[in-house]
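Here are some notes to read alongside the structure, set out as numbered points. Please keep the sequence and the 3D view open as you go through them.

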Amino acid sequence: QLMETITTVQERLDMFNVFIEDHGDPRTAQWPLMATPWPTLALAALYPVGIYFGMYLMNGTYLKKCCFYYLLYYLKIEHIVTCEDIALLLDKLPLQNKSYSDLRCSVIC
């Protein structure tokens, strides 16, 4: 009976793969996570495991420091983007023909 169940599962998986290959979009066949559903399903199954063990990793101070510096870096990038948005907005406003290009942040690259 176990062998019949295994054979049935294998047949259903083969049918599923044939269905995906026959009805899939050929333009996305070469994309990393689009060729078959298995990498995506594996990532979805491993995500809760990563969350579970991530809680234990975050108890250490080293990862907290890494996260702190990452957030500081992220805030700096957001500050640069916000300054650029404000400068672009002010340059487009017709305010007494003044140029507000001195408000721009320095270029990163």
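Among contacts in the chain between residues at least 6 apart in sequence, what percentage join residues at least 24 apart? The figure is 17%, and the points below go through the elements and ring pairs of the chain.

1. Please bear in mind from the start that this is a predicted model. The mean pLDDT of the chain is 76, and 77% of its residues reach 70 or more. When the helices are taken one by one, confidence is lowest in H1, where the mean is 77, and highest in H2, where it is 86.

2. The chain contains three helices and zero strands, so that, read from the N terminus on, its elements follow the order α-α-α. Of the 109 residues in the chain, 6% are buried. The accessible surface of the chain amounts to about 10000 Å², and carbon and sulfur atoms account for 68% of that area.

3. Helix H2 covers residues 38-57, and its length can be checked by simple reasoning: with 1.5 Å for each residue, its 20 residues should span 28 Å, and this agrees with the 27 Å that separates its end C-alpha atoms. Helix H2 nevertheless has a bend of about 30 degrees at Leu-46, and a proline, Pro-48, follows within four residues of that position.

4. A search of the whole structure for aromatic pairs finds four of them. One of these is formed by Phe-16 and Trp-38, whose ring centres are 6.3 Å apart and whose planes meet at 65 degrees, an edge-to-face arrangement. This pair links distant parts of the chain, since Phe-16 belongs to helix H1 (residues 2-23) and Trp-38 to helix H2, with their positions 22 residues apart in the sequence. Phe-16 counts as partly exposed because its relative accessibility is 35%, and Trp-38 is likewise partly exposed, with a value of 38%.

5. The pair made by Tyr-70 and Tyr-74 is stacked, because the planes of the two rings lie at 25 degrees, which is under 30 degrees, while their centres are 6.4 Å apart. Both tyrosines lie in helix H3 (residues 61-92), and they are four residues apart, which is about one turn of the helix. In an α-helix there are 3.6 residues a turn, so residues three or four places apart point the same way. Are these two rings buried or exposed? Tyr-70 is exposed, as its relative accessible area is 51%, whereas Tyr-74, at 42%, counts as partly exposed.

6. Finally, it is worth finding Asn-17, which has its place in helix H1. With a relative accessibility of 25%, Asn-17 counts as partly exposed. Although Asn-17 and Pro-37 are 20 residues apart in sequence, the distance between them in space, taken from C-alpha to C-alpha, is 8.8 Å.

Key. Residues numbered from 1 in each chain as written. Predicted model: local features only at pLDDT ≥ 70, side-chain atom pairs only at ≥ 80, totals over all residues. Heavy atoms only, no water. Helix = DSSP H or I, 4+ residues; strand = E, 2+ residues; numbered from the N terminus. Expected span 1.5 Å × (residues − 1). Bend = angle between axes of the 7 residues up to and from the residue. Phe/Tyr/Trp six-rings, centres within 6.5 Å; stacked < 30°, edge-to-face > 60°. Buried < 20%, exposed > 50% of the residue type's maximum accessible area, 1.4 Å probe, protein only. Contact = heavy atoms within 4.5 Å. Areas by Shrake-Rupley, 256 points an atom, 1.4 Å probe, with all protein chains shown as cover. pLDDT = per-residue confidence, 0-100.
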